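Q: Please take a close look at one part of this model: the place where the two chains touch. Then add a short note on how helices pack inside one of them.

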Amino acid sequence: MLNLRRLVKVYPGPVTALQGVSLDIPGGMFGLLGPNGAGKSTLMKIVAGVLEPTSGEVLLDGENVTAHPEKLWATLGYLPQDFGFYPHLTGEAMLTYLLELKGVESPQGTKHLATELLERVNLLSAAKRKVKDYSGGMRQRLGIAQAIAGDPKLMIVDEPTAGLDPEERHRFYRILAELAENRTVILSTHIVEDVAVLCPRFAVIRQGQLVSITTPADARGGLAGTIFEGAVSGPELDDLRRTRRVTQAYLVEGRNRVRVYQPDRIAPPGLAPAEATLEDAYLVTMQQGDATGRVA
Amino acid sequence: MSIRRLMLVARQELSYTCRRPSFWIMLALIGLIVWGLSSGNVRIGLTSGDSSVGGKKAFLTSEFALAQLMVVLSFLGFTFFAAVMAGLSVPRDLEWKTGEILHATPLTSGEYIWGKFTGVFLAFLAALVLTVGLVILIFQVMPNSNMLETRGPFHLHNYVVPAVTISLPIIMFTCGTSFGVGAWTRKPILVFVLPIMLLLVCGFFFWSWTPAWLDPRIDRILMLVDPSGFRWLNQTWLKVDRGVDFYNTQRVVWDSGFVWSRFGVAVIGIVSTVLAAGHFGRTLKSSGKVTVARRAAEPPAPGMEAQAAPGLAALRMRAAAPNFWRGFRLVAGAELKELRSSPGLYLFIPLILQQTLGNALLALGAFDTPLLVTSGTLAVRSMSSLITLLALLIVFYAVESLERERATGFSAIHDALPVHTGSILAGKAVALAVVAVTALLATFVGCAIAMAIQGRVGLELKPFLLVWVVLLLPGFVLWTCFVFAIYAIVKNRYTTYSVALVTLAFTSYLLFSGKMNWVGNWPLWGALRWSDISVFEIDRTALILNRLFWLSLALVFLRMAIRWFPRRALDTISTIHALQPARLWRSARGLLPWLVAPLFLGGALWRQIDRGPDGARTKKIAKDYWRKNLATWTDAPAPALADVDMALDLNPRDRAWSVKGTYIIVNKETVVLSKVPITVGFWNDMRWTINGQPSVPDTLSHLYVFTLAKPLAPGDSVRLGFTYNGVQPGATKNGGGAGEFILPSGVVMTSFGPRWFPFIGYLEEIGVDDENRAEPKQYPDDFYKGITPPAFGSALPMTVHMAITAPADFTANSVGERISEEVNGATKTTVWHTDHPVMAFNVIAGRYVVKKGEGTALYYNAAHTYNVAEMSSALDAARKYYGEWFAPFPWRELKISEFPGISTYAQGFPTNITFSESIGFLTKSEPKTNLAFLVVAHESAHQWWGNMLQPGRGPSGNLLSEGMAHFSTALLMAQVKGQLQGMEFRKRIESRYAESRHSDAERSLLKTDGSHDGDGTLLYDKGGWTFWMLWNLMGSEQNFAGLRTFIASHLNNPDHAVLADFVEHMRQYAPDTAAYDAYAKQWFASVVVPEYRLSEVRSVPIGSEWETTARLENIGTGRMPVEVAVTQGERSLNPAEPVKVTYRASGVTVVIGSKEIKEVRIRSPFKPARVVVDPDVKVLQLRRTLAENKL
């Protein structure tokens, strides 16, 4: 169990990145959803112990790891949002080095384990190439390989699917799902699909504050009967934007389609009721935040 | 190329550079140096002027002084900072990953590179302008009493011209080459090769290796290739003092060669940037292709088999955080791999080799004599450059190593790994240790090669292990920990560089300002003196405490580094929080236990210094002695020592001695003396008797005054008895060596001061330092008439009976002849008795073998056989020829005894010459400069000039000792080694005079008393030359006849001679008194020194002969007959070879006065190759090498 208590982080400026975040994260996969700049990475870094909070504390199984993050690092699998490797090492050498630094072993030995992990992230064929020659996606996969290594009690993955193609993303989803069976995995992302696929529970963060802690089903269920969808013309879309709460507007085969949130459940003219998605729920939550300034 | 885009990049770079803390730290450092200079805390080169009150002072604001200042500021202020900031400009963008975006814009690689270079160059140009403004402000505007005499009128060109000529090319050179290296290689570490190379090559070669015998053409080339410009400035304008009036009023004439060389230095910077721009453009395009190719090779999309791979559980992974050692091994392994791929190391190794070989093979001693290097001297000599090099390497390698994770982006993962911070730092330190060990090995290889080339002394490993491993490595450990700690605290690459460089600069300041001591001397700069005989015995305790002190501080720094190493990102607000008193105290409290050892060791070290000869306690006692007794005892009549009977017990192992003895003291004054003042040292258990009766003196701060029961009438004597014991206490301030000492391996004691033996009378020089130093006494012109007291030693000839007890394996030598020697178990007692009166006595003891000569003996360390034959034959020759020329040697034996090279001097006590191992035993005896021969000759001459003829107190007295000793050496050199080596010796002392004289402080030899700047070279070098020219003028027979009667008339004479006595006496023997008077007037009563120049030299064949014409000008002073000759071929310096037939000369003698020009016409039966003024080196002159023209 991971407990975050009144975490505040103020950067010089001053910019308050976190405004007293408190959160209890049980075992299993937990999503942290929020737009860019909401404070997700700051929160992840603080939880991972690589950033000191201005105030507040992080408890892992009741132990405060804020002042002594080294207690956490021994059981942590961490994939930061932005990272690199020693460029002159090969992927295999880099991963082997990291496994050794993390103290990860397997009965077949560290080198063999590194090969297995590279295979899991589909990097085996590039194992002997230097990291400096890797593409962004390959680097990301190498990052994933090191993060999943060992038997971490806590995994923190910050925007893990950035740079991955759809197939790699799904491959990673499966790995994460397996890992989440017997540990806490925190997935920080701005991609709603990641949460929808993986997380039985998630929190929405906005401007350094948690605005919602819920499950995908509850989030969707809360909007039941309030979402309407249909094809509209350009002027109609402008009109809808002025008069209704448009959650999504997108093009399908060159035509505007729109999804509208209608709390009174009365369908706007020309739109038909539609099943609420997690993205609707997320966007409605964000809009409510915009309207009220604060939604908890 | 778009100028607009280029300037856009330039503006961005300029703005970035000017906002860096390191830029402002650099300016602060420059400000501190300038302020230090104005306040007198920092001194640089220009030594012209007269430091006496009211004497002419050189302006700090002259163009010459400011040119020197600009060299210093450029090297200490600009080079490293410019290299760092310019060199890292392109690699930094690579780290920031801005390249792809920037180069996807219309910005071309040329615009980018030139924009970056322009920006950083403009920043340093601005820094130069600010520096000039700062110097003007401090030197011309700010009130400062220290600059009352050194502030000249304001001339803007004095500031601007040196800045443009000296600093601007250096800045352009450093910015351009470092920028080029950075842009070409994109590896930060390579950027630092250049400034380190510059510092080493300039500091240890261009600026310092200027032997007088160097071929002027080679010297000129070195002047032009020195990128700092200092060698040219020094050799052309400063080395030979032209006087304050010249420096204060004239402008530097920058000759065209030098201007072109400065232009070339600047162009190298530009060319580097051009090359870098081309290379950058090419690699930018090729790297794009590589990216495409790489992407094409990306692994295929996952197939079904991959998706069907077993779950992670199947891997049965276990994780346990590595312990400290495992983490350390892992990090060290990775760091070493990184190092192996670092090209920097491969560049530094040849640099180190070149430096070491240069230092070893070009090492010069006194009189520019090439030194004979041994393993120990090499280990110590190379230590300063090694620690400097290592300190700089470590700053750059350590910071790059610590920055590596951040620069590669790996820190995001690395910081959250379960590896102990200590393991990380220790692992990185190991890689640095490999850098250090590689540097040491490269240096060792250099030393081994140097010794093999030298081929005289065998290579020993032990001294290298002792000096480099035991003494140097703690410095390396300390510096590494220090750099780690700085980085951990400031968490910034550039600020770490700046703090480290400022620390090095401050350490240098402490050293060069004389404020350094054992406590502060972490790199042991200037603190070590190697002696094969006495290995670090003199300050051993201080040395051990120093190393332990700094090692314990290294632990403190390491603790700080681990505590604050930035594995967790901190920001300003976190830092402010961390600085809250409570949190600060918690942090400090954690450090307190680590501070116990440094505090204890530092305190113990401080106490050692305090108790030592330079310590505050010793200074206080000396100052009390001066304050208490000055008014009462200065010039008070005192009795003289007539007989010494002493039993001296030496215990070298404990550095202790005890004395039991008597002095017979005689009243040689004309008044009755009721009190006898005796100056005593730091002794214990003192007991005194007067005529056998116990006596208790008045103790006036180490001046013991005995009141006699029966006052001493003129001619009466009293027997003073004494017993005491002493221990040589404490340590020197910063390993400065010692002239007199008692050490486990050797003993040197003299009667010239009160350190070892009671000294009759009050000593005016004790307790005098810069704070209370008075101007010297002014003597009337006829002060020498009547009785003149002696300049040193007893006023009466005395007898000495000395029984010395020392360890049985010691040989203890003193004045006179050995009467007996008796071994009693572990000790040996040797009795010495003077077979002829002496004026002073000394004791020297050590473990010796002896080489006996003809009435001579040379006691030397068994390992130092290299020059024994040369020295022994010189000693024999000295005794023989001086005895024939001046007076028979009155004692039975003349001996030399070697002492450890913790001090570099020799001293000619009667019969018993003390001789440092460093001044002749370990030098190369080469015809052009033969230190072993000339020092033996000089010190032996003191048996006649100094002992038999004891000079009088007052101006010019010492000239009869030192000047005559040099004159005697010149004669002996020519007699034994041949005329050509005699000429070489005269050239050596001539250039010493030219380079050491202070023309404004120089007075006539008759008035030279040793108190003014540059008096030393007058007493020795000019004195020797002048006596030699007099000998040449008078003719050998007449001159020797005069000298013989001069010595005879002053032997045991209470009236001691000065130069005026000599001039009067020798006149009787002059064959041409008019010429003699003219000579004496010029050279003894005036200050003259000719300087000749030839111009319009032409040579044409006339029949079977050649006629050469030239214009000869004396741009110096004085009127002397001087030969001008045309020559062909070279003369051999080897006395075994007669003058080679290929050398031919024809000349004419011209008498030419100051500022006169004369036409010279020379007929020769051969085609001349050159025209030379004074080919046989008969007239003392300045810049002899310029008085020669090739045809």
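The answer below starts with the contact and ends with a helix pair.

A: This is a predicted model. Start with the contact between the chains. Chain A puts in 54 residues, and chain B puts in 41 residues.

Many elements of chain A take part. The strands that each supply at least two residues to the side touching chain B are β1 (2–11), β6 (76–79) and β7 (104–105) of chain A. The helices that do so are α2 (70–73), α3 (91–102), α4 (110–120), α5 (136–148) and α6 (166–179) of chain A. Of these, α6(A) gives the most, with five residues. By residue class, the side of chain A that touches chain B holds 28 nonpolar, 12 polar and 14 charged residues.

Strand pairing also links the chains. β7(A) pairs with strand β1 (residues 318–319) of chain B. The sense is antiparallel, and there are two bridges. Within β1(B), A319(B) is the bridge partner of V104(A).

Now the helix pair, inside chain B. Two packed helices are described by the angle between their axes and the distance between the axes. For helix α22 (residues 540–564) and helix α24 (residues 581–611) of chain B, the axes come within 9 Å. They cross at roughly 160°. Angles over 145 degrees count as roughly antiparallel, so α22(B) is roughly antiparallel to α24(B). The crossing of α22(B) and α24(B) is left-handed. The residues in the contact of α22(B) with α24(B) comprise 17 nonpolar, six polar and two charged.

Notes: Residues are numbered from 1 along each chain as its sequence is written. Chains are lettered from A and ligands numbered from 1 in the order in which they are written. This is a predicted model: local features need pLDDT of at least 70, side-chain atom pairs count only at pLDDT 80 or more; totals for chains, interfaces and linings use all residues. Two residues are in contact if their C-beta atoms, placed from the backbone, lie within 7 Å. Helices (H or I, at least four residues) and strands (E, at least two) are DSSP runs, numbered from the N terminus. Ala, Val, Leu, Ile, Met, Phe, Trp, Tyr, Cys and Pro count as nonpolar, Asp, Glu, Lys and Arg as charged, and the others, Gly among them, as polar. Two strands pair if DSSP finds at least two bridges between them. Axes are lines fitted to C-alpha atoms, for helices over the stretch in contact, and angles run from 0 to 180 degrees between N-to-C directions. Angles under 35 degrees count as roughly parallel, over 145 as roughly antiparallel, 65 to 115 as roughly perpendicular and the rest as oblique. A crossing is left-handed if the near helix is turned anticlockwise from the far one by less than a right angle, and right-handed if clockwise.
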